[in-house]
Amino acid sequence: MRCAQGGGLTDAGRAARERVRLQAVERFEDGQKNREIAAALRVSERSVERWRRQWRERGEAGVLSKGSPGRPRLSGAQITRLERELERGPLAHGWTDQRWTLARIKTLIGRLFHVSYTVEGIWLLLKRHGWSWQQPARRAIERDDAAVEVWKKETWPRVRALRRRVTAGSSSRMKLGSR
């Protein structure tokens, strides 16, 4: 199974894949054909073609591993600073209300650290560091919680009792007693 960007591989797994690519480079230099290399290294010809193209364009560096795709882009110190800035609130950073959104946090990270994340990546980063999603309760200022409780206990049971009971019906469009 092919994993995008070596996804799910350990450092040892990535190193093993890199060794195979470097063996392919040695065979490129010896003038072997793609089919021979693919058979000898037990990989697809298409992979060998891709490696050969990268080797021609950038040399041996073209086939070297780019590292873990999931490596965090912010250091521990940067995460600590980000948390301090988030605690200061959105008003301190120029927004007009006290609501942090993922898009705003993405913008803040870009401003502070010149690093770009996707909105989904921001959510994963925050979750990984113990931040949670919260939405403020939207309640009218005039709301009377005591009156709501009384309504639930006294009025709602009476309104609910008035509902028509469900009985077996007919699929006919005519009334039952009309024949």
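Select Glu-45 to begin: in this predicted model, Glu-45 is partly exposed, with a relative accessible area of 32%. Next, add Arg-35 to the selection. Arg-35 forms a salt bridge with Glu-45, and the closest N and O atoms of the pair are 3.3 Å apart. The two residues lie 10 residues apart and link distant parts of the chain: Arg-35 belongs to helix α2 (residues 34–41), Glu-45 to helix α3 (residues 45–58). Arg-35 is exposed, with a relative accessible area of 59%.

Proceed to helix α4 and select Glu-85 and Arg-88. Here a salt bridge joins Glu-85 to Arg-88, with 2.7 Å between the closest N and O atoms. Because they stand 3 residues apart in helix α4, Glu-85 and Arg-88 are separated by about one helical turn. Is Glu-85 buried or exposed? Glu-85 is buried, at a relative accessible area of 10%.

Select Asp-145 and Arg-143 as the following stop. Their side chains meet in a salt bridge, at 2.6 Å from N to O. Asp-145 counts as partly exposed, at 42% relative accessibility, and Arg-143 also counts as partly exposed, at 40%.

For a charged group of three, display Asp-97, Arg-99 and Arg-104 together; a network of salt bridges links these residues. How many salt bridges does the structure hold? The structure holds 7 salt bridges.

The tour now turns to the nonpolar residues. Select Leu-74, Leu-82, Ile-109, Tyr-117 and Leu-125: these have the most contacts inside the largest nonpolar core, which has 13 residues. Colour the helices α4 (76–88), α5 (102–113) and α6 (119–128), since these are the elements that give two or more residues to this core. Which element gives the most to this core? That element is α5, with 4 residues.

Centre the view on Leu-125 and show its surroundings. Leaving aside neighbours within four places in sequence, Leu-125 is in contact with Leu-74, Ile-79, Leu-82, Ile-109 and Tyr-117.

Finally, select Ala-24, Val-25, Phe-28 and Leu-41. These residues are among the members of a second, separate core, which has 9 residues.

Definitions and conventions. Residues are numbered from 1 along each chain as its sequence is written. This is a predicted model: local features need pLDDT of at least 70, side-chain atom pairs count only at pLDDT 80 or more; totals for chains, interfaces and linings use all residues. Side-chain values use heavy atoms; hydrogens and water are left out. A nonpolar core is a set of buried Ala, Val, Leu, Ile, Met, Phe, Trp, Tyr and Cys residues joined through side-chain atoms within 4.5 Å. Buried means under 20% relative accessible area, exposed over 50%, partly exposed in between (1.4 Å probe, protein chains only). Contact means heavy atoms within 4.5 Å. A salt bridge is a side-chain nitrogen of Lys or Arg within 4 Å of a carboxyl oxygen of Asp or Glu.
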